[in-house]
Amino acid sequence: MWAQQPPAQLPSLLDDGYQSPVLKTGESPETVMRKSIYVKAFASSKSVYTGEPVMVTYKLYASIFCRSRVNKQPSFNGCSVMELSYSGDPDIEIIDGKTFHVFTVRKLQVIPLEDGPLHLGEVEIENIVPFITADKQQDNFSMTSRNEPLIIDVKPLPLTDKPKDFSGVVGSFTMQANVDSNSVPVGDNATLNITIKGSGNFTGIHVPAIQWPHGTEHFEVSDTQHVDQDNYPVEGDKTFSIPFIGAKEGKAAIGPISFNFYDPSTSSYKILTTEVPLTFTKTVSRDEQMQDVVQEDVGNSKYLWIVAGIAAVVIVTLMVSMQLKSRKQSLQIKESVIVPKLEAVVAEQKDYGIEILSALNRLGTVEEDKKFLAAAGYLLIASLQIKLGAPENATADELTELLKKHDNTDLSRTCSKIFADCNRNLYSPDAEEGIKEKIYFELSAVIKKLFPIT
């Protein structure tokens, strides 16, 4: 992670009132330059534990006018590196009675990955000084400066009280966890959020150990990180978001949720634990969820009104919930379900076809990937339910199976693919590139076959 790119060309000292130095008779330019220009590397600590951050700074010291360029940046092995912010303005230091301008060339946080001596790299800087010679002529002389080797002693972490599942993280942290709502209907999606905050080795923080209650299923984890690189040690927070659903009503608790780390300030291991209480309630029907949005029963066309309000957050939440439940339901076609002939319901679907195509057009204006994917799956379910005269609770699997019974195997296969693509991308951290355009094209073709408008 880079706060800023290290400069190749360092600021000139000419603007600070410096003039070209004058060589005295018998003086060597190289001798003068080595006394007046040099590079140093500093470490905030010469001895640290494995995984403990240490700040390393490279500085150029110059007491005479020069033009300087970084020819070689230091290399780092056996450690992770994070750039830190710093000012490009020089500091002034008096050393042995001589005034030096001090430029920061590189500032970073280094985290050793293994114990033993850690050899930090060297920076090489080319310096050009325009000397005035004894005969009053100006002549440029060049010299390359590099820092003395810098070695840090990296100690292994103590074995006493070390957790068996030690995370490898070193620093000082706090942890908190919560769920969007502590009352979750069975089968509806919810999200567990775990935030770890503090200072230290953020790159080593992974999702904590979680004990999930019986009857829940969780999905792929996504995470976000915010780091303040203006301070050392680096401070920030990292949040893990984990979608889940419950299958059984009643009280439950997610946890214990456990995260451990080594705190060098107290020379001890710390274990943080927490749990999140919640209640899985009776499943809320779609009619109940939408009672504040849809005030009257308009038969199967109510699905179209839901799609028409696709931009509303409450509606998108409903769509996502339905997609989750659809994934969990197995294919159960009851013998009592009467499969109508497609031709028998064409007459009463003329108006629906126009409304569905209108909803399809509105779907094309949805920009956010997750909302689009949820809405696309929902629109296809609504279209198939209306076309096939299927029950309101018919799932995606049941509807594609009904298409097969009508000898629409190819259409059934296409619909299954659309549902699968929607679900896969809906529950992945990042949607596939171009997936919206691909699904919209396929969905349009299916809907136009189901509801041909002349």
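Buried, in these legends, means under 20% relative accessible area. The close-ups below come from a predicted model.

**View 1. Two cysteines in a structure with 0 disulfides.** Let us start with Cys-79, which has a relative accessible area of 12% and is therefore buried. Cys-415 is buried too, at 0% relative accessibility. A disulfide is a covalent bond between the sulfur atoms of two cysteines. Searching the whole structure for such bonds gives 0 disulfides.

**View 2. Phe-131 and Phe-141 meet edge-to-face.** This is a good place to begin a tour of the aromatic pairs, of which the structure holds 12. The ring centres of Phe-131 and Phe-141 lie 5.7 Å apart and their planes stand at 70 degrees, so the pair counts as edge-to-face. Phe-131 belongs to strand β9 (residues 124-132) and Phe-141 to strand β10 (residues 138-146), with their positions 10 residues apart in the chain. Phe-131 is buried at 0% relative accessible area, whereas Phe-141, at 25%, is partly exposed.

**View 3. Phe-173 pairs with Phe-261.** Here the arrangement is edge-to-face, with 5.4 Å from centre to centre and 85 degrees between the planes. Phe-173 sits in strand β12 (residues 171-179) and Phe-261 in strand β19 (residues 250-263), so the pair ties together parts that are 88 residues apart in sequence. Phe-173 is buried, with 5% relative accessibility, and Phe-261 is buried at 2%.

**View 4. Aromatic rings in a cluster and beneath lysines.** One aromatic cluster is made up of Tyr-49, Phe-166, Tyr-262 and Tyr-269. Elsewhere, take a look at Lys-40, which lies over the face of Tyr-61, 5.9 Å from the ring centre. Lys-59 places its charged end over the ring of Phe-42, at 5.6 Å from the centre of that ring.

**View 5. Lys-270 and Asp-263 form a salt bridge.** The whole structure contains 11 salt bridges. In this one, the closest N and O atoms of Lys-270 and Asp-263 are 3.4 Å apart. Lys-270 is partly exposed at 28% relative accessibility, while Asp-263 is buried at 5%.

**View 6. A salt bridge within helix α8 joins Lys-417 and Asp-421.** The side chains come together at 3.0 Å, N to O. Both residues belong to helix α8 (residues 409-426), and because they are 4 residues apart, about one helical turn separates them. Lys-417 is partly exposed, with 36% relative accessible area, and Asp-421 is buried at 4%. Through salt bridges that share partners, Lys-417 and Asp-421 join one network with Arg-424, Glu-432, Lys-438 and Glu-442.

Note on methods: Residues are numbered from 1 along each chain as its sequence is written. This is a predicted model: local features need pLDDT of at least 70, side-chain atom pairs count only at pLDDT 80 or more; totals for chains, interfaces and linings use all residues. Side-chain values use heavy atoms; hydrogens and water are left out. Rings of Phe, Tyr and Trp (its six-membered ring) pair if their centres lie within 6.5 Å; planes under 30 degrees apart count as stacked, over 60 as edge-to-face and the rest as tilted. Helices (H or I, at least four residues) and strands (E, at least two) are DSSP runs, numbered from the N terminus. Buried means under 20% relative accessible area, exposed over 50%, partly exposed in between (1.4 Å probe, protein chains only). A charge sits over a ring if NZ of Lys or CZ of Arg is within 6 Å of the ring centre and within 35 degrees of the ring normal. A disulfide is a pair of cysteine sulfur atoms within 2.5 Å. A salt bridge is a side-chain nitrogen of Lys or Arg within 4 Å of a carboxyl oxygen of Asp or Glu.
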